[in-house]
Amino acid sequence: MKYYIALFIIFSTTLLSAQSWQKSFEEALEITKDEDKVLILVFAGSDWCAPCIKLDKDVWQSDEFKAYADKNFVLYKADFPRKKANRLNDDVAEENGKLAEKYNPKGHFPLVVLLNKKGEVLATTGYKKLSAEAYITHLNDLLK
């Protein structure tokens, strides 16, 4: 019985602290429209781009950002992994490629694009050596 209680607690904690990254850009855009939030589109190389990995670890995975983003942003990550083991399915890779053509034609990584509910660019930024709290302030300053 103790095993099941411990398993439930671990599972619940994982769900509560899980990042709310959407599975498709279209889904993210719909939520943005429905909830009148800003969409954060992140172009990342999750297995090769050191600043992308640092931004993910220091900001996106932080409890501060997760709590703030849940109330204020919709998140979608357009990932471009290089290792075969991390290869995306063809549909996701194609969707990310189309997003890169439209929003990241110069191929900057990481690139953080803030979009309105129409998919229009409000601002762009990238990796900054900031705490999660300072990065949230940075994002909000870009939206002023």
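## Exercises on ring pairs and sheet packing

At 26% relative accessibility, Phe-109 counts as partly exposed, a value that, like the others below, is computed from a predicted model.

**Exercise 1.** Classify the geometry of the ring pair formed by Phe-80 and Phe-109, and state where in the chain each partner lies.

*Solution.* Begin with the geometry: the ring centres of Phe-80 and Phe-109 are 5.6 Å apart and their planes stand at 75°, so the pair is edge-to-face, given that planes over 60 degrees apart fall into that class. Next, place the partners: Phe-80 belongs to the loop between β2 (73-79) and α5 (90-103), while Phe-109 belongs to the loop between α5 and β3 (111-115), so that the pair links distant parts of the chain, 29 residues apart. Finally, consider accessibility: Phe-80, with a relative accessible area of 24%, is partly exposed.

**Exercise 2.** Work out which parts of the chain are tied together by the pair of Trp-21 and Trp-60, and decide whether Trp-60 is buried or exposed.

*Solution.* The structure holds ten aromatic pairs. In the pair of Trp-21 and Trp-60, the ring centres lie 5.8 Å apart with the planes at 80°, which makes it edge-to-face. Because Trp-21 sits in the loop between α1 (2-17) and α2 (25-35) and Trp-60 in helix α3 (residues 50-60), the pair ties together parts that are 39 residues apart in sequence. Trp-60 has 2% relative accessibility and therefore counts as buried, whereas Trp-21, at 21%, counts as partly exposed. Both rings also belong to a cluster in which ring pairs link Trp-21, Trp-60, Phe-65, Tyr-68, Phe-73 and Tyr-135. Trp-21 has a charged neighbour as well, since the charged end of Lys-77 sits over its ring, 4.7 Å from the centre.

**Exercise 3.** Describe the order of the strands in the sheet, explain why β2 and β4 each have one side without a neighbour, and name the helices that lie against the strands.

*Solution.* The sheet is open and consists of four strands in the order β2-β1-β3-β4, with mixed pairing. Since β2 and β4 (121-125) stand at the edges and each has a single partner strand, one side of each is left without a neighbour in the sheet. From one strand to the next, the twist averages 20°. Within the sheet, β1 (residues 38-44) pairs with β3 in the antiparallel sense over five bridges, and Leu-39 has Leu-115 in β3 as its bridge partner. As for the helices, α3 lies across β1, β2 and β3 and runs at about 140° to β1, while α6 (residues 132-142) packs on the sheet, touching β1, β2, β3 and β4, with its direction at about 140° to that of β4.

Key. Residues are numbered from 1 along each chain as its sequence is written. This is a predicted model: local features need pLDDT of at least 70, side-chain atom pairs count only at pLDDT 80 or more; totals for chains, interfaces and linings use all residues. Side-chain values use heavy atoms; hydrogens and water are left out. Rings of Phe, Tyr and Trp (its six-membered ring) pair if their centres lie within 6.5 Å; planes under 30 degrees apart count as stacked, over 60 as edge-to-face and the rest as tilted. Helices (H or I, at least four residues) and strands (E, at least two) are DSSP runs, numbered from the N terminus. Buried means under 20% relative accessible area, exposed over 50%, partly exposed in between (1.4 Å probe, protein chains only). A charge sits over a ring if NZ of Lys or CZ of Arg is within 6 Å of the ring centre and within 35 degrees of the ring normal. Two strands pair if DSSP finds at least two bridges between them. Axes are lines fitted to C-alpha atoms, for helices over the stretch in contact, and angles run from 0 to 180 degrees between N-to-C directions. Contact means heavy atoms within 4.5 Å.
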